[in-house]
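Reader: I'm new to this one and would like to know where its labels come from. Can you show it to me?

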Amino acid sequence: MDLAGLTRDLEALRDEVVSAVAGTQEVSALAALEVDVLGKKGRLGVVLRGIGGLPTDDRPRVGAVANAVRVAVEEVFQARGVELRAKELEARFRAETVDVTTPGRPIRRGSLHPIVETAGRIAEIFSQFGFVVHEGPEVEDDLTNFQMLNIPPDHPARDLWDTLYVDIDGKLLRTHTSPGQIRVMHASTPPIRALLPGRCFRYEAIDASHASEFFQVEGLMIDEGTTLGDLRGLLDQFAQAMFGQGKRTRFRPGYYPFTEPSVAFDVECVVCGGSGCPACSRSGWMTILGAGMVHPVVLQYGGLDPERYQGFAFGMGVERIANLRHSVGDLRLYMENDLRFLEQFR
Ligand code: PHE
């Protein structure tokens, strides 16, 4: 090839490359094109190899043209590269934009079961009077659940608790939290102010007001000179804190083998305020717990001298308290784990 032909080829290549570069839309395509033109085995190199076939005098002139073409081509690659990288960066920014005004996804929050929450509220109220929470075992022995509570074998009062027995060593599922009284007496010395929350079990036909598993909170106070008046004052404070200031309360005679005297503690009906309604069987009162002065025999079983110490105890059903607080009418709801029920107590 001659000088003119080679020069023409170079210029044609330049023009073609300039327009091809202008047409590229992506950094990757531009890079591929650059290799194709300027790379080791690129098209510019192929043309330049033709220089070797020219007469020696012509070579510098073609070399100058070739250099100018190379510089021109490199410049358009460089300029287009800057453009395309800017474009791609901008597109990425647009695609990856975070809209800080988009509302967040709510986090689903759990909540305490109404029985746990109510037991916690009971403990909170009594802790203000110095009561400390203790816990006893759910599997008890006959001695602690009954005999040391002044309920010997074959005592008719055993009928008050329909017991579920465990098939080992005469063990049973505690029918109430009262055996905790004995355990606390054995473990500490007066003055004692103990609160004993826990799950209890009875052999029951299950309906709206009977469950085979339920929760009680037991209270026990023992000191020198403790009186029934102290019990009444404490329970009054509890009733006001739990059900509202100004609620009237009353003691009625009751019977438990482990307290003497025994009482039922009533609060003015939380539904009708005392005028009488179906919720309180038209009496105007609701019984919320059983209580009494700890029987001297029970103090003795607890290792305490009844001549020196007196005490009172009370026991309440947590479900009953929760029913009254939240107007729930069926115990089974607490056991079913139906979220439609539980979500109402957030
Ligand atoms: N343990 C009794 C019950 O299960 C309640 C109670 C506790 C009564 C303490 C008096 C004193 O019904």
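Reader: Which domains is the protein divided into?

Author: Domain 1 covers 3–95 and domain 2 covers 114–345; the bounds come from an automatic or database domain assignment. Their centres, taken over C-alpha atoms, are 94 Å apart. Keep in mind that this is a predicted model, where local features need pLDDT of at least 70, side-chain atom pairs count only at pLDDT 80 or more, and totals for chains, interfaces and linings use all residues. Residues are numbered from 1 along each chain as its sequence is written, and side-chain values use heavy atoms, with hydrogens and water left out.

Reader: What makes a residue count as surrounding the ligand?

Author: One of its heavy atoms has to lie within 4 Å of the ligand. There are 15 such residues, and the closest are His 176, Ser 178, Arg 202, Gln 216 and Glu 218.

Reader: Why is the pair between Ser 178 and the ligand called a polar contact?

Author: A polar contact is a pair of N or O atoms within 3.5 Å. A polar side-chain atom of Ser 178 is 2.8 Å from a ligand nitrogen, so the pair fits that limit. Arg 202 has a side-chain N or O atom 3.0 Å from a ligand oxygen, and so it fits too.

Reader: How much of the ligand does the protein bury?

Author: Taken alone, the ligand exposes 320 Å², and the protein buries 92% of that. Those accessible areas come from the Shrake-Rupley method with a 1.4 Å probe, and for residues only the protein chains shown count as cover.

Key:
A polar contact is a pair of N or O atoms within 3.5 Å; within protein, one must be able to donate a hydrogen and the other to accept it, and residues adjacent in sequence count only if both atoms are side-chain atoms.
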